[in-house]
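I open this notebook to record what I looked up in one structure. The entries follow the order of my queries.

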Amino acid sequence: MSSTALTKAPVVRRDAPSASPGPALAAAMLGFALITLDTSVVNVALPAIGADLRAGMTGLQWVVDAYTLAFAALLLSSGALADRVGASRAYGAGIVVFTLASAACGLAPGLPGLLVARTVQGAAAAVMLPASLALVREAYGDPGRRARAVSLWAAGGTVAVALGPVAGGALTTAWSWRGIFFINLPLGLLALALLTRVARSERRSAPLDLPGQLTAMAALGALTFAAIEGGAEAWWALGVALVSFAAFLLIEARRRHPMVPLGLFRNTTVAVAVLAGSANSVAFYGMVFVFGLFFQQVLGLSALGAGLMFLPMTGLLAGVNILSARVAARYGARLPIVLGQVVAVAGLLGLLTVDADSSRVAQALLLVPLALGAGFSLPPLIAAMMEAVPAERAGTAAGLLNAIRQTAGALAIAVFGSLAARGFDTALPTTLLISAGLLTLTTLVSLRLPRRRGTR
């Protein structure tokens, strides 16, 4: 495959630093916070949504996955889209659509309208995420400063993860589940205000891969449908997913400008980052989904009570993200990636002791190691992958990593939700063991990363 097939990243001025990088970083952090907020804030509101809109477990799974699937599928080509219009323009358009879709979610009269609005939210988020990372890369030319900026960008998302369950629980309990979407409106306006202080990105010619995009969407949608719906239809959906995925691989291998250059996976760091990032998403987002339902449906807690149960877990994430960047700068990415996954596995195994009779304090504290491990390993994964590819491929790499991570999270919710619908007595240990097993495998794979020691 020629090198020109790998040049879709929305990176405009190559490594030239911005004169004033602060507004670009702040806007990027806030956008990423918006994207992640709408994942964590929804989980604790699911029982209230189900009661109000008369939706069962299947409907609640789609409330989460309609957003996640649109996000994951469109991330694959959103880097090229940002190239064509410029990263700053793409980011601004994404924020506008995301904010309007949030208002539509809050005003949705029924489940179908909510699912449509959630799908539009996910599509807008897909445009925003790689463009936000491109803005950070444009603003910081020095690799060291860029790595720290990426960690701060990730911290914006982890702060949203930390605040999401509590804010969602408080809004749902004091007002309505609709408030969890209206909270996006002032945040979206603030992000747009910050973006006005960022220099416009240049446009760059970038071909769009429509056949690849359509087959990817068909494969992801059919696979998730099979996992959520079950029954005889699941086998037909699984067949569609396999055929679509095979067609996707064939298209990407033959196109001159594929949206997913398969040659990227020949790089060991890229392959490890994708695998470990996917396992991280399965464990973290899958457990937040399952325990959010467990706290309310089994323990009988309110939405606010369930949100507060997550606070010890999520409150430490931002600090752990920053600490991991410092460790990676000194010892290389492999140490925090491996160590973080080991801690997360230990946390998942510790959660096997949780049941309805466990102390509430113990339940909340046992979630902490999972968050510490996930938060410690993720920023070095992102930074390592960004540094493993040339600057002009950074947007493609960012879109690929996050698309696969989001897909893994969506499938985890689909599978774990189906297990939860059959009863938490078996669902909790099964989902914990699945997550721990995947992270154990990716921990071993992560040992293949180069051992590189940075400077103080």
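**Entry 1: salt bridges.** How many salt bridges does a search of the whole structure find? I note beforehand that the model is a predicted one. My search of the whole structure returned two salt bridges.

I took the pair of R118 and D38 to begin with. Their side chains meet in a salt bridge, with an N to O distance of 3.5 Å. I then looked up where the partners sit: R118 belongs to helix α5, residues 111–139, and D38 to helix α1, residues 21–43, so this pair ties together parts that lie 80 residues apart in sequence. I also asked whether the partners are buried or exposed. Both R118 and D38 are buried.

I turned next to D52, which forms a salt bridge with R178; the closest N and O atoms are 3.7 Å apart. This pair, too, links distant parts of the chain, with the two positions 126 residues apart in sequence. I located D52 in helix α2 (residues 46–53) and R178 in the loop between α6 (143–174) and α7 (179–182). For D52 I noted a relative accessibility of 43%. D52 therefore counts as partly exposed, as that value falls between the cut-offs of 20% and 50%.

**Entry 2: the chain as a whole.** Which secondary structure elements does the protein chain have? I recorded 18 helices and zero strands. I then looked up burial and found that 59% of the 456 residues in the protein chain are buried.

I also examined contacts with a separation of 6 or more. In the protein chain, 86% of these are accounted for by residues 24 or more positions apart. For the surface, I noted that the protein chain exposes about 17,300 Å², of which carbon and sulfur atoms supply 68%.

**Entry 3: a nonpolar patch.** Which residues form a nonpolar patch on the surface? I listed V96, V97, L100, V116 and V120, which together have about 400 Å² of accessible area. The elements that contribute two or more residues to this patch are α4 (87–107) and α5. Helix α4 gives the most, with three residues.

I checked one member of the patch individually. V120 lies in helix α5, and its relative accessible area is 36%. V120 is therefore partly exposed, and I note that patch membership requires over 30% relative accessible area.

**Entry 4: cross-reference.** I record that helix α5 appears in two of my queries: R118 of the salt bridge with D38 lies in α5, and so does V120 of the nonpolar patch.

Terms used:
Residues are numbered from 1 along each chain as its sequence is written. This is a predicted model: local features need pLDDT of at least 70, side-chain atom pairs count only at pLDDT 80 or more; totals for chains, interfaces and linings use all residues. Side-chain values use heavy atoms; hydrogens and water are left out. A salt bridge is a side-chain nitrogen of Lys or Arg within 4 Å of a carboxyl oxygen of Asp or Glu. Helices (H or I, at least four residues) and strands (E, at least two) are DSSP runs, numbered from the N terminus. Buried means under 20% relative accessible area, exposed over 50%, partly exposed in between (1.4 Å probe, protein chains only). Contact means heavy atoms within 4.5 Å. Accessible areas come from the Shrake-Rupley method with a 1.4 Å probe; for residues, only the protein chains shown count as cover. Patches are made of residues with over 30% relative accessible area and no salt bridge: like charges are joined within 9 Å, nonpolar side chains (Val, Leu, Ile, Met, Phe, Trp, Tyr) within 5 Å.
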